[in-house]
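Reader: I would like a close look at a single part of this model, one strand and whatever it touches or pairs with, set against the background of the whole chain. Please take the account slowly, and say where the coordinates deserve caution.

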Amino acid sequence: MAAPVLAGCGAGFDATTNKPYAPNEAQVLIDQGSYGKRDIQIPQAFILGPDAGAQLAWRGSAPIYLNILNTAGAPDTLQAVSAGNLGTVKVTAPIQLPSNQLVNTGKPTPQIMLEAISKSLRGGESIKLDLQFAKAGIVSLNVPVVTRSREYKDYLSLIHV
């Protein structure tokens, strides 16, 4: 009977389960149980949605925020993004991804926009995005629409209606 109690102590005082964390709605790229795909890791991805209780208007637009880490030994480039029939995605310019350097596509201003949204969206929904990299190829990811509240309230809102 002591085994479950003692097993919990085996992690020690420095275990990650002993440290506080703040979960959020943003997505992380997990492919078939592994973190990342073809040397691309995405520790955070979300579409900045409406204020709580509101919705993104049909034919409107919203910024897409991605943190991308290229773990390959050579640079790569995010060339394009598509959202299927949910709208068009505009990438202001190809996004350079140096090797082993985290790139935030939303700072200082969003570089990726979901435009001409084909239906009204509320926070909590997910949209499948296909990211086209020059070397890594296409990496697909379901990206949530998060409301502009809590930790997301200070993000730059470029939402157009």
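Author: The part chosen here is strand β10, which covers residues 126-133, and the model it belongs to is a predicted one. Before turning to the strand, it helps to place it in the whole: the protein contains 1 helix and 11 strands, and their order from the N terminus is α-β-β-β-β-β-β-β-β-β-β-β. Of the 161 residues, 38% count as buried, and of the contacts with a separation of 6 or more, 67% are between residues 24 or more positions apart. The protein exposes about 9000 Å², and 54% of this is supplied by carbon and sulfur atoms.

Confidence comes next. The mean pLDDT of the protein is 81, with 74% of the residues at 70 or more. Helix α1, residues 3-9, has the lowest confidence, a mean of 52, whereas β5 has the highest, at 98. Over residues 13-23 the pLDDT is below 50, and beyond near neighbours in sequence that stretch makes 4 contacts in the model. Where pLDDT is low, the predicted coordinates should not be read in detail.

Now to β10 itself, and to the question of which of its side chains are buried and which are not. In a regular strand the side chains alternate between the two faces of the sheet. Here I127, L129, L131 and F133 point to one face and are buried, while S126, K128, D130 and Q132 point to the other face and are not buried.

The strand has pairing partners that can be described in turn. With β5, residues 76-82, β10 pairs in the antiparallel sense over 4 bridges, and within this pairing L131 of β10 is the bridge partner of V81. With β11, residues 137-146, β10 is joined by 8 bridges, and these strands also run antiparallel; here I127 stands opposite V143 of β11. The connection from β10 to β11 is a hairpin of 3 residues. Both of the β10 residues just named in bridges, I127 and L131, belong to the buried face described above. The β5 partner, moreover, is the element in which the confidence is highest.

The face that is not buried carries a charged pair. Side chains of opposite charge can pair when their charged atoms come close. In β10, D130 and K128 meet in a salt bridge, with 3.7 Å from N to O. D130 is partly exposed because its relative accessible area is 22%, a value above the 20% under which a residue would count as buried. K128 is likewise partly exposed, at 48% relative accessibility, and its value falls short of exposed because that class begins over 50%. A search of the whole structure finds 2 salt bridges, and another salt bridge is formed by E125 and K119, whose closest N and O atoms are 3.6 Å apart. E125 is partly exposed at 26% relative accessibility, and K119 is partly exposed at 39%.

Some backbone details elsewhere in the chain complete the background. Most residues other than glycine have a negative phi, and most peptide bonds are trans. D39, although not a glycine, has a positive phi of about 70 degrees; D39 is found in the loop between β2 (34-35) and β3 (40-48), and is partly exposed with a relative accessible area of 44%. R59 also has a positive phi, near 70 degrees, and is found in the loop between β3 and β4 (62-70), where R59 counts as partly exposed at 49% relative accessibility. The peptide bond from K107 to P108 is cis, with omega near 5 degrees, and P108 lies in the loop between β8 (102-104) and β9 (112-115).

That loop between β8 and β9 also holds T105, which is buried, with a relative accessible area of 0%. Leaving aside neighbours within four places in sequence, the contacts of T105 are I64, Y65, L66, I68, I95, P110, Q111 and I112.

To return to the part you asked about, β10 is a strand with a buried face and a face that is not buried, paired in the antiparallel sense with β5 and with β11, and it carries the salt bridge between D130 and K128.

Notes:
Residues numbered from 1 in each chain as written. Predicted model: local features only at pLDDT ≥ 70, side-chain atom pairs only at ≥ 80, totals over all residues. Heavy atoms only, no water. Buried < 20%, exposed > 50% of the residue type's maximum accessible area, 1.4 Å probe, protein only. Helix = DSSP H or I, 4+ residues; strand = E, 2+ residues; numbered from the N terminus. Pairing = 2+ DSSP bridges. Salt bridge = Lys/Arg side-chain N within 4 Å of Asp/Glu carboxyl O. Contact = heavy atoms within 4.5 Å. Areas by Shrake-Rupley, 256 points an atom, 1.4 Å probe, with all protein chains shown as cover. pLDDT = per-residue confidence, 0-100.
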